[in-house]
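Please open the model in your viewer and keep the selection panel at hand. The stops below proceed from the ligand to selected helices and loops.

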Amino acid sequence: MKRKEIKVKGFARRDGLLWGEDVDLRTITGKIGTPCFIYSRPVLLANVHRFQEAFTGMNALICFAVKANRSLAILQTLAQQGLGFDLVSGGELEAVLRAGGCPQRLIYSGVGKTRDELYRALSRGIFQFNVESKEELEGIRQCAKELGCCAPVALRVNPDVEAATHPYIGTGSAQHKFGIDLAEIPSLLETFRGWKEIRFQGLACHIGSQICSLRPFHRAFSRMAQLVRDLRTAGVRVKTIDLGGGLGVRYHREKPLCLKKYAELIRKYFAPFDAMILMEPGRRLMEDAGILVTRLLYRKETRGKQFYIVDAGMNDLIRPTLYQAWHPILPINLSAKRKVRKTDVVGPLCETGDFLAKNRLLPEMEPGEELAILQAAAYGYAQSSNYNARCRAAEIMITGKTWVEIRRRETLDDLFRTEVLLP
Ligand code: LLP
């Protein structure tokens, strides 16, 4: 299929002002207000195409990890590019189906799938369940029996590999709750060999997120490849090999992996097996496709330390406080030269952990001016909450000169919709 060339401008300055593609961002914030997440559709498409290109010629399916951003218009855009999806809940399954995703391109991961969720996924005929324990396998068997169908499963292996990332986002070591011990795979396969409700089709692994070195992938892939060989020797055919996601992006000084090298590594280990390769990238597809725009409410000074109090907080973007993440922050308007100074950018929530940046060199700004927090498309809105009874932000998607509000800002009515007072 020949792809239409799209011009990518991304988020760049014109005469000192930050634009998103061909839109002056202030026209958006003037109508929608702040805080808001703004995405560039061309950047998103370029990220997808780059990923697809690295794997051309390989029997591979890229399944976007929905947890990174489950906004319907984002999923719709990705589904239109032929991507599959990696799900971790019944809610994510529903989101993908509403966005036009194809059930035969869905993988369902996660350690705690409920009966309800299993029923729904089974009756939709998804491509593969990545099973994380023997107990879950029994649950799937029961559901499949009741539905009179056969469940396609892969076993998620825990390869016992340290991912060299923040401790909260490593998943591949033996102490983590994820996956099945590599050594237990052959005997587990033996256990369900005769079960007619379960069809074994492959293996899966995912070692962690925001990984910028090939080394942990090397280790995990070589263990997976050895397992595939052992199983083949024992007469078990492995039709799908799911290598998870985890590719890091540049927030600050990280050097993200070259996609071609990552693809080469996969080819080296798995090309001999004639299996379908599945991947579950989340962050790397979102990367620079979205920003969070916030407004400066107050400038405050305490014993020589400057704070910018802005209208976005940890409920909008929890990454800085939860993972000590560093996101680039830029004033939208840089048309005049201004003095810079070390500043903490903090939100309005009543938590000391409510910060977006600490000791950041930022130009002098006046209340009312706007700031852009970059690299916010992955795990930004997706991890936002209503903490402190705050309404969640709006989301906007830009294509060229056109922008669409893909999710309106929550209202106070939205906030209280599910609650009742006592009689
Ligand atoms: N597959 C599985 C089974 C996963 O658990 C994850 C992420 C992915 C794929 C996608 O990983 P990615 O390609 O995005 O690295 N909230 C954290 C990241 C949590 C990642 C959880 N699992 C953050 O903001 O850094």
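Helices (H or I, at least four residues) and strands (E, at least two) are DSSP runs, numbered from the N terminus. Residues are numbered from 1 along each chain as its sequence is written. The model is predicted, so that local features need pLDDT of at least 70 and side-chain atom pairs count only at pLDDT 80 or more, while totals for chains, interfaces and linings use all residues; side-chain values use heavy atoms, with hydrogens and water left out.

**The ligand**

Select the ligand and the residues near it (one heavy atom within 4 Å). This shell holds 18 residues, the closest being Ser209, Glu280, Arg319, Tyr323 and Tyr379. By class, the shell has five nonpolar, seven polar and six charged residues; Ala, Val, Leu, Ile, Met, Phe, Trp, Tyr, Cys and Pro count as nonpolar, Asp, Glu, Lys and Arg as charged, and the others, Gly among them, as polar.

Next, display the polar contacts (pairs of N or O atoms within 3.5 Å). An N or O atom in the side chain of Arg319 lies 2.6 Å from a ligand oxygen. Backbone N or O atoms also approach oxygen atoms of the ligand, at 2.8 Å for Gly246 and at 2.9 Å for Gly282. The ligand taken alone exposes 590 Å², of which the protein buries 93%; these areas come from the Shrake-Rupley method with a 1.4 Å probe.

**Helices H3 and H12**

Move to helix H3, residues 72-80, where Ala73, Ile74, Leu75, Thr77, Leu78 and Ala79 are buried. Buried means under 20% relative accessible area, exposed over 50%, and partly exposed in between (1.4 Å probe, protein chains only). Gly82, which follows H3, has a positive phi near 85°.

Then select Phe416 in helix H12 (residues 412-416). Phe416 is partly exposed, at a relative accessible area of 48%. Measure from its C-alpha atom to that of Leu374: the two residues are 42 apart along the chain, and the separation is 31 Å.

**Three loops**

Which residues does a cis peptide bond join? Select Thr34 and Pro35, where omega is about -10°. Pro35 belongs to the loop between helix H1 (25-32) and strand E4 (36-40).

Asp160 is found in the loop between strand E9 (151-158) and strand E10 (180-181). Its phi is positive, near 55°, in a residue other than glycine, and Asp160 is partly exposed at 44% relative accessibility.

Finish at Ala389, in the loop between strand E19 (370-373) and strand E20 (394-399). Although Ala389 is not a glycine, its phi is positive, about 50°.

Terms used:
A polar contact is a pair of N or O atoms within 3.5 Å; within protein, one must be able to donate a hydrogen and the other to accept it, and residues adjacent in sequence count only if both atoms are side-chain atoms.
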